[in-house]
Amino acid sequence: MDDEILDQSMHVVHQLVSWIASVAIIFGGVVPYIPQYRDIRRTQNAEGFSTYVCLVLLVANILRILFRFGHYFETPLLWQSIIMIITMLIMLNLCTNVHVATELNTKRRSFTATDSKDEEIKVPKRLFVESLGFLAVFTEAMLGTPQLYCNYQNKSTEGMSIKMVLMWTSGDSFKTVYFLLTQAPMQFWICGLLQVCVDIAILFQVYYYSRYPQKPISHTTHTTSAKAL
């Protein structure tokens with residue numbers, strides 16, 4: 001009788017832990033973008049955030065959903081992709097509105113300026129399934145590289161939410177462990193390891209540029225940022 005009660009208790013605990021892990025994996029990837037979203041809304045300046053991050057995540061998660069049709073993986077990972085796509089569309093909408101508003105303000109000021117310049121916004125069967133899956137997760141693994149390059153180009157991490165990167169790191173570490181424990185396809189944990197490495201590189205930039213400040217690159221206006229889509 002005691003053994004039966006113990007088994008039932010262990011089953012309940014296991015189900016609870018599984019449920020918590022599933023919720024974390026579904027919504028955990030969204031959390032890092034909350035402070036960045038709030039910073040952009042507060043400052044009305046999206047120059048410090050690379051919108052190519054949103055582009056990479058959109059492509060990666062769309063490809064991941066297609067990958068599931070040929071190679072089944074856990075349902076929470078599918079919902080994670082759906083939630084992330086919605087989140088990235090919201091981030092892009094905010095950044096676009098901020099860039100447009102800044103551009104309109106700049107154009108208004110240019111009417112009274114004696115020296116105005118035109119500006120441009122740079123817009124800048126089995127084997128197939130496995131290749132699609134690798135492409136999906138590799139694209140996602142490169143999520144942080146636009147931000148890494150953006151910081152290198154600016155010689156600064158100003159305007160980038162450090163909380164976002166810290167949450168990236170903790171979230172990517174959790175995802176990698178989750179992929180290994182649930183025996184997800186190999187592509188997933190390779191993606192996780194690559195993402196953690198990129199996150200660490202960005203955190204190193206934060207340390208390096210704060211300790212050894214570089215001469216900032218001059219910009220004509222905020223809207224000339226090459227990070228805008």
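In the predicted model, K175 is buried, with a relative accessible area of 8%. This lysine forms a salt bridge with D172, the closest N and O atoms of the pair lying 3.5 Å apart. D172 is likewise buried, its relative accessible area being 5%. Both residues belong to helix 7, which spans residues 162-181, and their separation of 3 residues corresponds to about one helical turn. Because buried denotes a relative accessible area under 20%, both D172, at 5%, and K175, at 8%, fall into that class.

In total, the structure contains 2 salt bridges. In the pair formed by R42 and D39, the closest N and O atoms are 3.4 Å apart. These two residues are located in helix 2 (residues 33-43), where they are 3 residues apart, or about one turn of the helix. R42 is exposed, with a relative accessible area of 62%, whereas D39 counts as partly exposed at 25% relative accessibility. The assignment of R42 follows because its value of 62% lies in the range over 50% that defines exposed residues.

Both salt bridges are set within a helical framework: the secondary structure of the protein chain consists of 8 helices and 0 strands. From the N terminus onward, the order of elements is α-α-α-α-α-α-α-α. The protein chain comprises 229 residues, of which 40% count as buried. Its exposed surface amounts to about 13800 Å², with carbon and sulfur atoms supplying 65% of this area.

Terms used: Residues numbered from 1 in each chain as written. Predicted model: local features only at pLDDT ≥ 70, side-chain atom pairs only at ≥ 80, totals over all residues. Heavy atoms only, no water. Salt bridge = Lys/Arg side-chain N within 4 Å of Asp/Glu carboxyl O. Helix = DSSP H or I, 4+ residues; strand = E, 2+ residues; numbered from the N terminus. Buried < 20%, exposed > 50% of the residue type's maximum accessible area, 1.4 Å probe, protein only. Areas by Shrake-Rupley, 256 points an atom, 1.4 Å probe, with all protein chains shown as cover.
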